[in-house]
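Reader: Please take me closely through one part of this model, beginning with a single residue and its helix and then moving outward to the helix packing. I would like each term given with its cut-offs, and a careful word on where the coordinates deserve caution.

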Amino acid sequence: MSGRTEGGGDVGHGFQFSHSAPAILFLTLVLLLPASPAFAHASDRGYVLLMPTGYYLTGGAIAVAASFLVLAVLPPALLERIAAKRLALFPLNESSRVFTSLIAFAIFAVLVGAGFFGSRDPLSNPLPLTVWTLLWVGLTLVQGLFGNLWAWINPWYGPWRVATVIFPVLRYRRMPEWAGYWPALILFFAFAWFELIDPAPDDPARLAWAAGIYWLLSFLAVIAFGYEDWSRRGEFLSVFFRIVSRFGVVEADHRASSRGISAKLCLPGAKLWAENPLPASGMFFLLLALSSVSFDGLSKTFFWLGLNGINPLEFPGRSAVMTTNTVGLALMFVALSSVYLLAVFLGERLAGSRLPFAKSAGLLVWSIVPIALAYHFSHYLTAFLVNGQYALVALSDPFSSGWNLFGTAGFQVGAGIVAGYQSAWTLWNAQAAAIIGGHVLAVLIAHGLAYRLHPSARQAALSQLPLTILMIGYTVFGLWLLSTPTAG
């Protein structure tokens with residue numbers, strides 16, 4: 001049994017409905033552009049909707065469209081003033097980062113050891129539960145809600161600081177500017193492939209080898225290129241977590257006078273309004289983050305399996321679809337990137353813009369962040385609720401030796417938390433609300449960024465029309481992914 005449940009319902013419990021139009025529209029898009037599938041990883045969705053699915057799809061599309069119309073008439077200066085509001089919270093002692101990072105590294109070493117010497121069961125071994133549930137799901141959501149906690153628990157920072165004490169010259173290493181975010185993009189694609197396509201990403205020993213080797217290679221890259229450059233543009237987890245943290249409500253202000261760093265409270269997404277345009281490699285990194293999550297969802301659907309000649313009621317297993325899904329993951333990334341670039345291009349033409357296209361595309365891509373977070377929450381919600389409980393048990397006894405370090409080794413996991421009428425109603429509506437809300441916030445942020453590119457509100461609104469249409473379509477697609485039957 002996999003340590004993570006998949007981004008769809010069980011074969012016999014999926015949503016049964018006849019609304020195939022979103023699938024047909026998406027397939028048409030895939031055929032017109034050099035594209036294919038999407039991303040998902042974690043949710044036993046087998047629920048029967050209490051309302052026809054079409055109502056949710058229509059309602060979500062209307063909500064996103066209405067938000068565009070409302071924002072089109074709001075004064076740009078008002079939105080800018082709201083986004084600029086900050087409330088001082090407390091000072092931050094950055095020197096403690098070394099201590100917290102070294103603790104995180106020690107925990108990581110124990111977890112890798114547990115992967116090699118602990119239980120072979122992914123639901124009893126703390127390594128896969130920590131990596132796939134607490135880190136990839138839980139920490140991503142914490143980053144998106146609050147801010148960059150990862151900067152304080154990064155397992156490379158503390159060891160690097162220790163190394164710089166011994167070899168001070170290491171502080172001055174730099175990564176070439178031409179490298180951009182390409183190392184992070186390549187590593188993220190490898191990570192997505194391992195999570196979504198590798199036959200056994202939950203196997204504790206297999207994951208321990210992968211995690212241990214990756215830590216070592218990345219530490220060597222830190223030594224070669226310096227911590228700041230490698231963590232900002234090379235190490236994919238640090239890049240991903242920093243990007244999603246820009247949506248969080250806590251901001252670390254490094255300009256705070258002699259007191260050092262100050263924590264400030266801001267509105268969700270407000271930090272994105274002040275971001276600089278990403279280079280092409282950074283833009284594609286962010287689009288890959290969203291497209292990989294979408295592919296995980298699509299790859300388990302009856303629609304995708306049938307498209308590839310597989311009977312979903314006789315799913316042959318991950319090994320049998322490795323080649324198909326590898327191609328699908330790449331094509332989904334190409335499809336989303338192509339549609340995004342087309343939407344930005346058409347928007348700039350409508351606005352009569354003479355700005356460099358790379359600048360517009362690199363800035364507006366920040367509006368993808370709330371959408372990526374919304375999909376992450378919706379896609380992994382049920383798995384997190386169940387596997388998070390297994391993690392509490394496993395962490396108390398990491399080597400299956402009868403320990404009870406945190407008093408949770410005897411905790412009874414309640415899988416029923418995601419079963420039944422009330423849970424189905426609550427979870428589905430939470431997932432649907434997150435997807436719709438994420439797209440509405442994306443429209444808001446895109447408008448704010450567009451006002452920075454164009455001198456008039458009219459131009460800004462025109463430039464966002466194609467991008468809003470894309471967001472409406474992706475809202476419908478995301479809700480369809482949540483509701484359609486899945487296998488595997």
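**A residue, its helix and the packing beyond**

Author: T133 is placed in helix α5, which covers residues 126–145; helices here are DSSP runs of H or I with at least four residues, strands are runs of E with at least two, and both are numbered from the N terminus. The structure is a predicted model, in which local features need pLDDT of at least 70 and side-chain atom pairs count only at pLDDT 80 or more, while totals for chains, interfaces and linings use all residues. Residues are numbered from 1 along each chain as its sequence is written, and side-chain values use heavy atoms, with hydrogens and water left out.

With a relative accessibility of 3%, T133 counts as buried (under 20% relative accessible area, with exposed meaning over 50% and partly exposed in between, for a 1.4 Å probe and protein chains only). Leaving aside residues up to four places away in sequence, T133 touches P128, G138, F384, N387 and G388, where a contact means heavy atoms within 4.5 Å.

The helix that holds T133 also packs on another: α5 and helix α11 (residues 236–245) meet at an angle of about 40°, their axes 7 Å apart. Such axes are lines fitted to C-alpha atoms, for helices over the stretch in contact, and the angles run from 0 to 180 degrees between N-to-C directions. The crossing of α5 and α11 is right-handed, the near helix being turned clockwise from the far one by less than a right angle, whereas an anticlockwise turn would make a crossing left-handed. On the α5 side the contact consists of L135, W136, L139, T140, Q143 and G144, and these meet L237, F240, F241, R242, V244 and S245 in α11. By class, this contact of α5 with α11 has seven nonpolar, four polar and one charged residues (Ala, Val, Leu, Ile, Met, Phe, Trp, Tyr, Cys and Pro count as nonpolar, Asp, Glu, Lys and Arg as charged, and the others, Gly among them, as polar).

Further along the chain, helix α12 (residues 280–298) packs against helix α14 (residues 322–350) at about 125°, with axes 9 Å apart. The two helices α12 and α14 are therefore oblique to each other, a word for angles left over once those under 35 degrees are called roughly parallel, those over 145 roughly antiparallel and those from 65 to 115 roughly perpendicular. The crossing of α12 and α14 is right-handed, and their contact has twelve nonpolar, six polar and no charged residues.

Helix α12 also packs against helix α18 (residues 457–483), at an angle of about 40° and with axes 10 Å apart, which makes α12 oblique to α18. This crossing of α12 and α18 is left-handed, with L290, S294, G297 and L298 of α12 meeting Y474, F477, W480 and L481 of α18.

As for caution, the mean pLDDT of the protein is 84, and 86% of its residues reach 70 or more, pLDDT being the predictor's confidence in each residue, from 0 to 100. Confidence is lowest in helix α1 (residues 21–32), at a mean of 38, and highest in helix α8 (residues 182–196), at 97. Over residues 1–51 the pLDDT is below 50, although this stretch has 172 contacts in the model beyond near neighbours in sequence. Where pLDDT is low, the predicted coordinates should not be read in detail.
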